Protein chains: 4
Amino acid sequence: MTDEELLVRFFEKDGYVKLSGIELVEVTQEKAVARAEIGAEHLNANGSVQGGMLYTIADFVFAVHANFVHPKSVTQGGQITYIRPAVTKYITATATETVRVGHNTVSEVLVRDDKEQIVCVCHFNGFVKDVDKEELKKKYEEERK
Amino acid sequence: MTDEELLVRFFEKDGYVKLSGIELVEVTQEKAVARAEIGAEHLNANGSVQGGMLYTIADFVFAVHANFVHPKSVTQGGQITYIRPAVTKYITATATETVRVGHNTVSEVLVRDDKEQIVCVCHFNGFVKDVDKEELKKKYEEERK
Amino acid sequence: MTDEELLVRFFEKDGYVKLSGIELVEVTQEKAVARAEIGAEHLNANGSVQGGMLYTIADFVFAVHANFVHPKSVTQGGQITYIRPAVTKYITATATETVRVGHNTVSEVLVRDDKEQIVCVCHFNGFVKDVDKEELKKKYEEERK
Amino acid sequence: MTDEELLVRFFEKDGYVKLSGIELVEVTQEKAVARAEIGAEHLNANGSVQGGMLYTIADFVFAVHANFVHPKSVTQGGQITYIRPAVTKYITATATETVRVGHNTVSEVLVRDDKEQIVCVCHFNGFVKDVDKEELKKKYEEERK
């Protein structure tokens with residue numbers, strides 16, 4: 001099993017991501033992409049995608065990417081700016097790293113609607129822990145059993 | 001029907017809040033409080049409450065409070081700092097306004113675990129629209145039919 | 001006098017930017033760049049460039065770029081993440097726009113040291129006002145007299 | 001010499017704070033307050049206090065307070081929301097801690113004009129290092145010589 005597969009399996013245990021119908025599309029050194037089909041359960045009282053749903057897909061795709069690029073990363077904080085209401089059949093979220101120095105990583109996540117329009121811009125800070133990658137791999141392998 | 005009841009009914013239409021099991025406990029001029037019982041569907045792969053869930057309850061309780069204090073408010077952005085992992089039976093989120101000047105409102109939301117410990121600190125910026133409150137009330141009344 | 005020259009002259013009136021020894025290097029549709037030679041007056045008690053100085057050059061270069069690309073823009077907020085201490089002879093700050101929709105613009109500013117290393121990452125939100133560009137030009141022309 | 005005096009002396013070495021005319025008024029467990037008389041050198045091109053100046057006083061008063069309450073603290077990031085233009089003879093900035101858990105501290109800083117009106121709201125995240133307070137005291141004592 002590749003590192004990527006292990007990581008993906010680990011994140012499959014995320015209950016809230018599952019509840020929210022969010023799926024990981026792709027994870028590489030360059031970026032991670034997640035996607036969610038939008039149903040009534042994702043909408044706010046105004047009929048557009050709820051802010052928490054937009055944040056959740058962004059937070060998730062950042063966590064996957066950060067942990068893929070340099071395990072093990074812990075999210076310290078996130079920030080979201082809403083650009084336009086998302087009235088759409090699906091949303092995608094793409095995470096890219098802006099910079100990583102020592103224990104610090106800063107990434108950007110753009111969430112887009114089904115017309116490829118950006119609906120919100122997110123930034124995340126993560127703390128990269130000093131961990132033994134082999135030990136982490138073992139942990140992932142054991143946990144997925 | 002009081003203004004508070006109308007507002008609460010309006011926000012009851014929020015599908016993602018419902019999916020997430022979040023309930024409004026209280027809304028007054030001073031603060032709004034929301035609460036959610038935590039189940040497996042709210043946990044991340046590490047077994048603590050998922051970051052998106054923490055953000056979602058905060059975003060919701062801010063929106064309710066801002067719209068109660070000065071309708072109609074639109075959330076422009078939010079920021080969350082994670083303080084400790086939330087391993088807990090339930091979480092509560094309390095929104096208070098820091099300052100409002102003209103179209104701008106800034107609020108703080110503290111999310112706590114079942115030991116009353118703060119698990120994350122959130123800040124939100126809202127834009128207060130110039131709307132006729134009677135018209136807004138009518139809109140809420142019609143939409144709830 | 002070109003639009004760019006007018007804008008530059010307008011921003012030359014910024015007293016705090018002058019006090020801080022910050023100079024505009026370049027402004028185009030794609031980006032704006034500012035630069036400052038670092039002296040003892042820019043250092044914090046630990047001997048690296050003070051956080052306020054790093055923020056100030058970032059805030060300035062964002063304001064110039066936003067007003068160049070779509071006058072007139074007003075800064076609503078900024079966020080800075082410190083990546084490494086800046087021990088350097090000069091710093092540069094480069095602003096690029098992430099997205100602009102309607103009244104909202106979100107930009108990123110990267111501040112670098114004399115080794116081209118990123119020392120902090122900044123994000124700004126601006127509000128783009130509906131103004132008559134000819135009127136604004138007149139205002140700039142009058143103010144510079 | 002008391003801990004407070006040592007800390008104050010340490011921060012007196014901050015060159016940019018000096019350049020900006022910022023003075024520490026008070027530091028206690030509960031809060032820290034700084035103040036600056038406003039001159040032409042603090043104004044932006046529109047004639048109100050420049051955003052970088054507002055951020056700088058906030059960043060400074062947070063650093064003093066965080067290091068007073070639990071030395072040694074390092075600022076990780078800051079966020080500022082501008083509420084109203086500051087046209088004023090002086091500004092004050094007051095830092096209070098929202099929460100501190102382990103290595104994390106989150107604080108709020110409010111900057112006010114000479115009418116006691118809030119002009120911007122700031123939030124800071126700090127990392128509290130594990131240091132020997134006696135060693136730190138020695139370092140401060142030596143550095144001030």
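1. In which sense do strand β1 and strand β2 of chain A pair, and over how many bridges? Keep in mind as you look that this is a predicted model. Strand β1 covers residues 22-27 of chain A and strand β2 covers residues 32-37, and the two pair in the antiparallel sense over 5 bridges. Together β1(A) and β2(A) make a hairpin, with 4 residues between them. If you want a spot to start from, find E26(A): its opposite number in β2(A) is V33(A).

2. Next, chains A and B. Turn chain A by 180 degrees, with 0.0 Å of shift along the axis, and it superposes on chain B with an RMSD of 0.0 Å. The two copies are therefore related as by a two-fold rotation axis. To find that axis by eye, go to Q79(A): of the residues of chain A, this one comes closest to it, with its C-alpha at 2.1 Å. The copies meet through the same surface, because 100% of the interface residues of chain A are also interface residues in chain B.

3. Chains C and D can be treated in a similar way. A turn of 180 degrees and a shift of 0.0 Å along the axis lay chain C on chain D, with an RMSD of 0.0 Å. The same surface serves both copies here, as 100% of the contact residues of chain C recur in chain D. Within chain C, the residue that comes closest to the rotation axis is Q79(C), at 2.1 Å by its C-alpha.

4. Now have a look at D113(D), in the loop between β5 (104-112) and β6 (118-128) of chain D. D113(D) is buried but has no salt bridge. What is the nearest side chain of opposite charge to D113(D), and how far away is it? That would be R84(D), 5.2 Å away; a salt bridge would need a side-chain nitrogen within 4 Å of a carboxyl oxygen. The side chain of D113(D) does make a polar contact with the side chain of Q117(D), at 2.9 Å. Leaving out residues up to four places away in sequence, D113(D) touches R84(D), T88(D), Y90(D) and V119(D).

5. Last stop: D14(D), which sits in the loop between α1 (3-11) and α2 (15-19) of chain D. D14(D) is buried and has no salt bridge, and the nearest side chain of opposite charge, K13(D), is 10 Å away. Which backbone nitrogen does the side chain of D14(D) reach? It is that of Y16(D), at 3.1 Å. Apart from neighbours within four places in sequence, D14(D) is in contact with L43(C), N44(C), A45(C) and Q50(C).

Conventions:
Residues are numbered from 1 along each chain as its sequence is written. Chains are lettered from A and ligands numbered from 1 in the order in which they are written. This is a predicted model: local features need pLDDT of at least 70, side-chain atom pairs count only at pLDDT 80 or more; totals for chains, interfaces and linings use all residues. Side-chain values use heavy atoms; hydrogens and water are left out. Two strands pair if DSSP finds at least two bridges between them. Copies are superposed by least squares on the C-alpha atoms of residues with pLDDT of at least 70 in both. Contact means heavy atoms within 4.5 Å. Buried means under 20% relative accessible area, exposed over 50%, partly exposed in between (1.4 Å probe, protein chains only). Lys and Arg count as positive and Asp and Glu as negative; His and the chain ends are not counted. A polar contact is a pair of N or O atoms within 3.5 Å; within protein, one must be able to donate a hydrogen and the other to accept it, and residues adjacent in sequence count only if both atoms are side-chain atoms.
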